[in-house]
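Biologist: I am new to this one, so could you walk me through it? Please show me the sequence and the model to begin with.

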Amino acid sequence: MRKIQLEEILNMPDLLFSQLCEERYEINKGVYNTIDRWFYNQGLSLIVERREMILSFIQYISVTENQGKKVKFGSGGLTRKLDQFWEERIQTFKYKAM
């Protein structure tokens, strides 16, 4: 199986991208859709930009919360983690801009 380049991943049809998230990170379609909509509501209207952020968020959660294991969210946990991730990204951006 050939290695897929990031640009190709970001431009996949939605079904293939969501399947990739499920296969690699065990993020089901419902959770994926919630994450996608959340970033869209934050102003990320361009699909490639949103998908980069989705992958960044999933990797962040996978490493910081689950030490590489399956990502699990309790009731309201997904939104809390998205808020936390977003705030950290904003703080990092502000720090770099100084």
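Biologist: What is the relative accessible area of K29?

Modeller: This is a predicted model, where local features need pLDDT of at least 70 and side-chain atom pairs count only at pLDDT 80 or more, while totals for chains, interfaces and linings use all residues. Residues are numbered from 1 along each chain as its sequence is written, and side-chain values use heavy atoms, leaving out hydrogens and water. Buried means under 20% relative accessible area, exposed over 50%, and partly exposed in between (1.4 Å probe, protein chains only). K29 falls in the partly exposed class, because its relative accessible area is 31%.

Biologist: Which residue forms a salt bridge with K29?

Modeller: A salt bridge here is a side-chain nitrogen of Lys or Arg within 4 Å of a carboxyl oxygen of Asp or Glu. For K29 the closest N and O atoms of the pair are 2.9 Å apart. The pair links distant parts of the chain, 15 residues apart, with K29 in helix α3 and its partner in helix α2; helices are DSSP runs (H or I, at least four residues) numbered from the N terminus. The partner is D14.

Biologist: Which other residue meets D14 in a salt bridge?

Modeller: D14 is partly exposed, at 32%, whereas this second partner is buried, at 3%. The N to O distance is 3.4 Å. The partner sits in helix α4, 37 residues from D14. It is R51.

Biologist: Nice! Which residue forms a salt bridge with R50?

Modeller: R50 and its partner are both buried, and their closest N and O atoms are 2.6 Å apart. R50 lies in helix α4 and the partner in helix α3, so the pair ties together parts that are 14 residues apart in sequence. The partner is D36.

Biologist: Which residues do shared salt-bridge partners join into one network?

Modeller: The structure holds 3 salt bridges. D14 pairs with K29 and also with R51. The network is therefore made of D14, K29 and R51.

Biologist: At roughly what angle do the axes of α2 and α4 cross?

Modeller: Axes are lines fitted to C-alpha atoms, for helices over the stretch in contact, with angles from 0 to 180 degrees between N-to-C directions. The axes of α2 (residues 14–25) and α4 (residues 47–64) come within 12 Å. These helices count as roughly parallel to each other (an angle under 35 degrees). The crossing angle is roughly 10°.

Biologist: Which residues of α4 are met by α2?

Modeller: Contact means heavy atoms within 4.5 Å. On the α2 side are D14, F17, C21 and Y25. On the α4 side are R51, I54, L55, I58 and Q59.

Biologist: Which element gives the most residues to the largest nonpolar core?

Modeller: A nonpolar core is a set of buried Ala, Val, Leu, Ile, Met, Phe, Trp, Tyr and Cys residues joined through side-chain atoms within 4.5 Å. The largest one has 24 residues, with F17, I35, F39 and F57 making the most contacts inside it. Elements giving two or more residues are α1 (6–10), α2, α3, α4 and α5 (77–97). With 7 residues, the top contributor is α4.

Biologist: Finally, what is the phi of E26?

Modeller: E26 lies in the loop between α2 and α3 (29–41). At 44% relative accessibility, E26 counts as partly exposed. Although E26 is not a glycine, its phi is positive, at about 55°.

Key
Parallel < 35°, antiparallel > 145°, perpendicular 65-115°, else oblique.
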